Amino acid sequence: MKRKIVLRGVWGLLGLVLAAGLVVVGINVMMVQTSKPYILGAEQAKGVQADCVLILGAGVWGETMSWDLQDRVNVGIDLYQAGAAKKILMSGDHSRVNYDEVNAMKNHALERGVPAEDVFLDHAGFTTYESMYRARDIFLCQKIIIVTQGYHMGRALYTARNLGLEAYGVTADLREYQYMETNLWRERLARVKAFGMGIVKPKPTFLGKTIPISGSGLESQD
């Protein structure tokens, strides 16, 4: 009798694990596949006429950007200079005085000749979800071109469109990146979390006064 109970418990646990695995796989496939029609090449993106090019943050060491972030920023600037949008919104983590993704991004853009008034900084883009939420509610964006690496693009586009933004994406895969296998595994789990947040739609860590993307980026800079 006890053996039967144990076996039922084991089979029940295996069933739960299998069901959870199927949910994870299903969410991942859905998020990647539904985003594909909105991923554009650089030439296609020129015709979008978006409110802004939204460049998502990544790691920095002082003023030195990680390879991922360097490529995102350069691709975003190229799109801006090609006329895909009249503004650039740089969204990242500036939660501490000694850690500042957005100003590192901005300084590179200025070095490449982008006028300061066309560069908007979202200092509280701590997550992909918060970047999209704040793009909509703080910067009043409606149509955006997201720039990030391909492994991250599905989640970024899903999140943006789930929040009501007309979002397109241009990938910034300009080289091979370190720790890609680790990034891919993290991303698979992050997609599941993004799916849940898309249902609940919590407010971001910070909101605040609006800084319309149609105005001057100087209002967002410190």
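Two strands are taken to pair if DSSP finds at least two bridges between them. On this criterion, strand 6 (residues 143-148) and strand 7 (residues 166-171) of the predicted model pair in the parallel sense, over six bridges. Within this pairing, Ile 146 stands opposite Gly 169 in strand 7, and Val 147 is placed opposite Val 170 of that strand. The two strands are linked by a helix, since strand 6, helix 6 and strand 7 together make a β-α-β unit that is right-handed.

The protein chain as a whole holds seven helices and seven strands, which follow one another along the sequence in the pattern α-α-β-β-β-α-β-α-β-α-β-α-β-α. Its C-alpha trace spans about 75 × 40 × 35 Å along the principal axes. Of the 222 residues in the protein chain, 46% are buried. Among contacts between residues at least 6 apart in sequence, 76% join residues that are at least 24 apart.

Five of the strands form an open sheet with parallel pairing, in the order 5-4-1-6-7. Strand 5 and strand 7 stand at the edges of this sheet, and because each has a single partner strand, one side of each is left without a neighbour in the sheet. On average, and with direction ignored, neighbouring strands of the sheet are turned by 25° against each other.

At one edge of the sheet, strand 4 (residues 88-91) and strand 5 pair in the parallel sense over four bridges, with Ile 88 standing opposite Val 119 in strand 5. The chain passes from strand 4 through helix 4 to strand 5, in a β-α-β crossover that is right-handed. In a regular strand the side chains alternate between the two faces of the sheet. In strand 5 (residues 119-122) both faces are covered, with Val 119 and Leu 121 buried on one side and Phe 120 and Asp 122 buried on the other.

Two of the helices can be described by the strands across which they lie. Helix 5 (residues 128-137) lies across strand 1, strand 4, strand 5 and strand 6, and runs at about 155° to strand 1. Helix 6, in turn, lies across strand 1, strand 6 and strand 7, running at about 170° to strand 7.

Contacts between helices were examined for two pairs. The axes of helix 3 (residues 67-81) and helix 4 (residues 101-111) come within 10 Å and cross at roughly 45°, an angle that makes helix 3 oblique to helix 4. The crossing of these two helices is right-handed, and in it Leu 69, Val 73, Asn 74 and Ile 77 of helix 3 meet Met 105, His 108 and Ala 109 of helix 4.

The second pair consists of helix 6 and helix 7 (residues 180-200), whose axes are 9 Å apart and which pack at an angle of about 10°. Because angles under 35 degrees count as roughly parallel, helix 6 is described as roughly parallel to helix 7. The crossing of helix 6 and helix 7 is left-handed. Helix 6 contributes Tyr 151, His 152, Arg 155, Tyr 158, Thr 159 and Asn 162 to the contact, whereas the residues on the side of helix 7 include Met 180, Leu 184, Glu 187, Arg 191, Ala 194 and Phe 195.

One of the helix 6 residues in this contact, Thr 159, lies in the stretch of residues 150-162 that forms the helix. Thr 159 has a relative accessibility of 5% and therefore counts as buried, the cut-off for that class being under 20%. Apart from neighbours within four places in sequence, Thr 159 is in contact with Thr 128, Tyr 129, Met 132 and Ala 194.

A further buried position is found outside the helices and strands, where Ala 50 occupies the loop between helix 2 (42-45) and strand 1 (52-56). With a relative accessibility of 7%, Ala 50 also counts as buried. When its neighbours within four places in sequence are left aside, Ala 50 is in contact with Ala 84, Ala 85 and Lys 86, as well as with Lys 143, Ile 144 and Ile 145. The C-alpha atom of Ala 50 is separated by 23 Å from that of Leu 174, a residue 124 residues apart from Ala 50 along the chain.

Notes. Residues numbered from 1 in each chain as written. Predicted model: local features only at pLDDT ≥ 70, side-chain atom pairs only at ≥ 80, totals over all residues. Heavy atoms only, no water. Buried < 20%, exposed > 50% of the residue type's maximum accessible area, 1.4 Å probe, protein only. Contact = heavy atoms within 4.5 Å. Right-handed = clockwise from strand over helix to strand, strands pointing away. Axes fitted to C-alpha atoms, helices over the stretch in contact; angles between N-to-C directions. Parallel < 35°, antiparallel > 145°, perpendicular 65-115°, else oblique. Left-handed = near helix turned anticlockwise from the far one by under 90°.
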